[in-house]
Amino acid sequence: MNKAVPVVDLFSGPGGLAEGFAGCRFGRHRPRFEIALSVEMERSAHETLLLRAFLRKFGQDYPPEYHRFLNRGASRVPDWQRSYPKQWAEAADETLRLELGTPEATKEVDKRIHRIRRRQGCEAVLLGGPPCQSYSLVGRARNAGNANYDPTKDTRQSLYFEYVRILASLRPAVAVMENVKGMLSARHGDDLVIEKVLKSLRHAAGTDSYRLYTVAGPDSGLWKDDRRPSDFLVRADEHGVPQARHRVIVICVRSDIAKILPVGDLLRLEKSDHPVPVKDVIGRMPRLRTRISRADNPEVWRDVILAACKRIGDLPMPSMTSDEMSLFRSQIRNTRDAAKGPVPECGNMPGNTEMACPDPLRSWIRDAGVKRLPNNETRGHMPADIERYLFASAFAKAKGVSPRASDFPEILAPNHANWLTGKFADRFRVQVGDRPSSTVTSHISKDGHYFIHPDPTQCRSLTVREAARLQTFPDDYFFMGGRTPQYVQVGNAVPPYLALQIARRVADVIGEYYRTKTRTFGRTTRDHSRRYPDRAASDALEAAVT
């Protein structure tokens, strides 16, 4: 297999899955995959995709203007179209802003799929994660409280059919579908959604046209009807991602390939020796101060921090041992002393970009040319929340766990009716430095309460860049749009480092398939039509769900 395999990426978000596949290489340079088409409907995410597609046109040697742009604080995006019209036009052709499932999108995507299939001598890979809001546990709880919500009319729950329709049309060698853990228990009426999805994938281009594989766990391999759908759950923290992110990942391998190869063995992901903790990824980043939501300036920040230290420092902590209490109070003193010194900046400042994580992950994330981490500005917080962040982070340092609502002193309790009901017991959650983070979700765009920085001296929620590092995006991956859509992009993405590991396994399958065909036939056949007779996409989809 000498040619790069074309990849079609649907519901792309900012491109986490595609980034992992694009980064999979023969040796250090030649890519194993080429992103042929990405489709995303949200404007800011599409702009991020477009920029990344443009940079890929230069291989590993980005235009010199790009690092200059990042290192001066990413204040003004260069006019790439004017400077590099050819590469920009190629990126724009590759990256479509369309809402899948609409007539306009169907027409354009089908045209592109036809173009990709006409390319001679290459197989293809399909990627995608259909919108998951209505599958997620939080989304379902929110919908349950809406008397007008009808799940049968929620188009997001049926968009996986669009993925299946394109799977039937493209007929790739391998397809990768990702979704939230909640998909395993979501229902359409009395039927489990996951069972419908698996059946549709399996029969996408005709009866048993694809075989489905799990890639993690002791029972990884070919999935059969007598196995549990939960076998498709992948725990990212077991594979070198510094985050306890659990997602459903289904690998579909075309049956003609699965019949001649030990696909289950080739696809199995290796486990990491040790989980990667938060501190090893973001612990050495430049120290930043939070913004104050009103009337922010360095003097106001210092006054707020010193007042918080005074208010919290002498509080009784009945749940702590004497040693824990001593450590808690030392954290408060450290914060007070730090606040009396030079006031840190709010973000995008030059400084240490090093990491203490294992070399493969560090090499994946770090870019020696990046001297000033982009998308690394803090947001504003109210003084009352800053007090709670200080308490929570100091508590986590002392106890090794994030505090629950019952651990907060009464004077720090927010005025929430459900504060002590148990429903939101971890309303303020510290990302403890000595373990992987909790799942980074798009909710981080709301207020940051679930994503408190582990360093008490910083008294803030995570920046977009810190969240992006926990998601394993490379440091030179710039997120377009305002800060809120940047957070949403990061939270909705597949960790690129996990995608890279999946891409390597997929490359092994396709490479072995080509070698087997070459040994058997003496050459790689280019005539797929005799083995895969054409049929209308609608016929294939109908067969898949009957």
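This passage walks through the overall make-up, the nonpolar cores, two helix pairs and a handful of individual residues. The model is a predicted one.

Starting with the broad picture, the protein chain contains 20 helices and 15 strands. It runs to 546 residues, and 55% of them come out as buried. Contacts in the protein chain reach a long way along the sequence: taking those between residues at least 6 apart, 74% link residues at least 24 apart.

Turning to the interior, the largest nonpolar core has 85 residues, and the members that touch the most other members are Phe-21, Phe-33, Val-125, Ile-251 and Val-506. The biggest share of this core comes from helix H19 (residues 496-521), which puts in twelve residues. Apart from this core there is a second, separate one of 43 residues, with Val-8, Leu-170, Val-193 and Ala-204 among its members. Phe-21 gives a good feel for how the first of these is put together. Setting aside neighbours within four places in sequence, Phe-21 makes contact with Val-7, Phe-33, Val-125, Leu-127 and Val-176, and also with Ala-499, Ile-502, Ala-503 and Val-506.

Helix H19 also holds Glu-512. With a relative accessibility of 21%, Glu-512 counts as partly exposed, the cut-off for buried being under 20%. Once residues up to four places away in sequence are left out, Glu-512 touches Leu-261, Leu-266 and Arg-519. There is a long-range pairing here too: Val-263 is 249 residues from Glu-512 in sequence, yet their C-alpha atoms are 9.5 Å apart in space.

Next come the helix pairs. Two packed helices are described by the angle between their axes and the distance between the axes. For H14 and helix H16 (residues 383-399), the axes come within 8 Å and cross at roughly 135 degrees. That angle makes H14 oblique to H16, since only angles over 145 degrees count as roughly antiparallel. The crossing of H14 past H16 is right-handed. On the H14 side, the contact is built from Glu-324, Leu-327, Phe-328, Gln-331, Ile-332 and Thr-335. H16 answers with Leu-390, Phe-391, Ala-394, Phe-395, Lys-397, Ala-398 and Lys-399. Sorted by type, the residues of this contact are eight nonpolar, two polar and three charged.

Gln-331 deserves a closer look within this pair. It sits in H14, which spans residues 322-340, and its relative accessibility of 13% makes it count as buried. Beyond residues up to four places away in sequence, Gln-331 touches Ala-394, Lys-397 and Pro-456.

The other pair is helix H6 (residues 103-117) with helix H8 (residues 160-170), whose axes come within 10 Å and cross at roughly 30 degrees. H6 and H8 are therefore roughly parallel to each other, and their crossing is right-handed. H6 brings Thr-106, Val-109, Asp-110, Ile-113, Ile-116 and Arg-117 to the contact, while H8 supplies Glu-162, Arg-165, Ile-166, Ser-169 and Leu-170. By type, that contact splits into five nonpolar, two polar and four charged residues. Leu-170 turns up again here, having already been listed in the second core.

Away from the helices, Thr-214 belongs to strand S10 (residues 210-214). Thr-214 is buried, with a relative accessible area of 1%. Neighbours within four places in sequence aside, the contacts of Thr-214 are Asp-219, Ser-220, Gly-221, Trp-223, Arg-227, Asp-231 and Phe-232.

Finally, a word on backbone geometry. Most residues other than glycine have a negative phi. Asn-348 goes the other way, with a positive phi of about 50 degrees although it is not a glycine. Asn-348 lies in the loop between H14 and helix H15 (359-365), and its relative accessible area of 12% puts it in the buried class. Cys-459 is another such case, a residue other than glycine with a positive phi near 45 degrees. Its place is the loop between H16 and helix H17 (464-470). Cys-459 is also buried, at a relative accessible area of 1%.

Definitions and conventions:
Residues numbered from 1 in each chain as written. Predicted model: local features only at pLDDT ≥ 70, side-chain atom pairs only at ≥ 80, totals over all residues. Heavy atoms only, no water. Helix = DSSP H or I, 4+ residues; strand = E, 2+ residues; numbered from the N terminus. Buried < 20%, exposed > 50% of the residue type's maximum accessible area, 1.4 Å probe, protein only. Contact = heavy atoms within 4.5 Å. Core = buried A, V, L, I, M, F, W, Y, C linked by side-chain atoms within 4.5 Å. Axes fitted to C-alpha atoms, helices over the stretch in contact; angles between N-to-C directions. Parallel < 35°, antiparallel > 145°, perpendicular 65-115°, else oblique. Left-handed = near helix turned anticlockwise from the far one by under 90°. Nonpolar A, V, L, I, M, F, W, Y, C, P; charged D, E, K, R; others polar.
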